[in-house]
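Trainee: Could we go through this one together? I'd like to see how each label gets earned.

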Amino acid sequence: MPEISKKGHNMPQSPIRKLVPYAEEATKKGKKVYYLNIGQPDIKTPTIAMNAIKSSSLDILAYSRSEGSEEYRKKIVKYYLHNNIDLTHNDIIVTTGGSEALLFAFGSIMDEGDEIIIPEPFYANYNGFSTSSGINVVPVISKIENNFALPPIEEFEKLITPNTKAILICNPGNPTGYLYSKEEIKKLASIVKEHDLFLIADEVYREFVYDGIEHYSILQESGLEEHAIVVDSVSKRYSMCGARIGYLVSKNRDVIKTALKFAQARLSPPTLAQIASEAALDTPQSYFDDVITEYVKRRNILTSELEKIEGVTVAKPNGAFYCIAELPVKNSDDFARWLLQSFDYNNNTVMVAPAAGFYSTPGVGQNQIRIAYVLNEESLRTAVKILAEALKVYKD
């Protein structure tokens, strides 16, 4: 029988999606499942984006340019300018989701065996993208006791080797909700310039910033033009996860020129989704104001209710819509399966994402879960109540 590749064997399962069959089985048994596992907002997509699709007069759904339509990219430039970031449309490549943007970045700047330093816990798919690209993740561990703050800069410098090509951050962070300060960005900028590295920032949650704190992009940092690469997406910003539109942004001409070759190999990003995404850029500020108000309320409800559960520790996020909670269990994978297979509270249960999959260090995060607070207030309270009741009876 033909053999599967080593790379295929080494590809990690998604901690977010691997439990889906158990959730589907629970639903078939008549249980109601509250989904806290995935960052699929329940916020409505802006009407202006949906109407752009409905009113499209296209006769042929043709390819777009490999880098995305020029009209759309020029409009993206205005969006960035509104966020104090000065670009041209030639600094942008439209991609099939932020995931493809990150894959293009990896392919453009790293070869097999190269290393990338990432503060962990991090977005689980960074592990998968690294495996598929043949590069090695070198983790810097941040801890829940410090609210997942960036480790001392010295910790980064200790890990730099001749094989190190880049540092990758998610700002605000998935899965922690941690928001990097301007001072932290400047320290990272200093490191990458001193050691001639790239700094990649996944900024797809840029709008989701709370408590009066401002987001500071690596693209705002002077002197970082040749080092900075940003991954962005419409998925969360406009509640358009299914559009699969993102973009790779850099003022480094060699990066863009190289990434375009990868873009040409996959032909083009989705044409119809670009139309919707371009229209979404006209979404009024009031939409985001309402969304932020809603997520702050949800965050406060979630963290305050979790803190009431004996043995649970929770980090308070300042951005995105996730948090990490540490539970009084030995293995959150087993606990998450048990919730779906064997437990219900008034015929209800919850689906969570085991957090070990958000680390690359073996054995770390085994008793943690990631929670996405993308449910309404009533559902969040119910979900945490179910979690509390489950912890009362669960046995490792």
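Trainee: How much space lies in the largest cavity?

Mentor: About 140 Å³. Keep in mind that we're looking at a predicted model.

Trainee: What makes that a cavity and not a pocket?

Mentor: A cavity is a set of points where a 1.4 Å probe fits but cannot get out, whereas a pocket is an open set. With a cut-off of 30 Å³ or more, the count comes to three cavities. The largest one, at about 140 Å³, is lined by 19 residues, and P119, P121, C170, T176 and Y180 are the closest to its centre.

Trainee: Which elements give two or more residues to that lining?

Mentor: Those are β3 (115–120) and β5 (164–170). The most comes from β5, which gives three residues.

Trainee: How many residues of each class are in the lining of the largest cavity?

Mentor: There are 15 nonpolar and four polar residues, and no charged ones. Tyr, Cys and Pro count as nonpolar here, so P119, P121, C170 and Y180 go in the nonpolar group, while T176 counts as polar.

Trainee: P121 came up there. What is the peptide bond from E120 to P121 like, cis or trans?

Mentor: It's cis, with omega near 5°. P121 itself is found in the loop between β3 and α6. There's also a cis bond from N174 to P175, where omega is near 25°. P175 lies in the loop between β5 and α8 (182–195).

Trainee: And what is phi of N84 near?

Mentor: Near 60°, which is a positive value in a residue other than glycine. You'll find N84 in the loop between α4 and β2 (92–95).

Trainee: Let's move to the pockets. What volume does the largest pocket have?

Mentor: About 700 Å³. Its lining takes in 24 residues, with H82, N83, R206, E207 and Q285 nearest the centre. Both α4 (70–82) and α11 (285–307) supply at least two residues each, and α11 has the largest share, with four.

Trainee: How do you know which of those central residues are charged?

Mentor: Asp, Glu, Lys and Arg count as charged. Among the residues nearest the centre, R206 and E207 therefore fit that class. Over the whole lining, the split is 10 nonpolar, nine polar and five charged.

Trainee: What about the second largest pocket: what is its volume?

Mentor: About 510 Å³. There, 26 residues form the lining, and S99, Y123, N125, K236 and R244 lie nearest the centre. At least two residues each come from α5 (97–109), α6 (125–133) and β7 (228–233). By class, you get 12 nonpolar, nine polar and five charged.

Trainee: On to the helices. Why are α12 and α13 called roughly perpendicular?

Mentor: Look at the angle: helix α12 (residues 332–341) and helix α13 (residues 377–393) pack at about 110°. Anything from 65 to 115 degrees counts as roughly perpendicular, so this pair gets that name. Their axes are 12 Å apart.

Trainee: Which residues meet there?

Mentor: On the α12 side, F335, W338 and L339. On the α13 side, L387, A390, L391 and V393. By class, that contact has seven nonpolar residues, with no polar and no charged ones.

Trainee: What makes K18 and D333 a salt bridge?

Mentor: Set the distance against the cut-off: a side-chain nitrogen of Lys or Arg must be within 4 Å of a carboxyl oxygen of Asp or Glu. The N to O distance for K18 and D333 is 2.7 Å, so the pair qualifies.

Trainee: Which parts does the pair tie together?

Mentor: K18 lies in the loop between α1 (6–10) and α2 (20–28), and D333 sits in helix α12, so the bridge links parts that are 315 residues apart in sequence. In the structure as a whole, there are 25 salt bridges.

Note on methods:
Residues are numbered from 1 along each chain as its sequence is written. This is a predicted model: local features need pLDDT of at least 70, side-chain atom pairs count only at pLDDT 80 or more; totals for chains, interfaces and linings use all residues. Side-chain values use heavy atoms; hydrogens and water are left out. Axes are lines fitted to C-alpha atoms, for helices over the stretch in contact, and angles run from 0 to 180 degrees between N-to-C directions. Angles under 35 degrees count as roughly parallel, over 145 as roughly antiparallel, 65 to 115 as roughly perpendicular and the rest as oblique. Contact means heavy atoms within 4.5 Å. On a 1 Å grid over the protein atoms alone, a cavity is a set of points where a 1.4 Å probe fits but cannot get out, and a pocket is an open set with protein on both sides within 12 Å along at least five of seven lines; lining residues have an atom within 4 Å of a point. Grid points are joined across faces, edges and corners, and a volume is the space filled by probe spheres set on the points.
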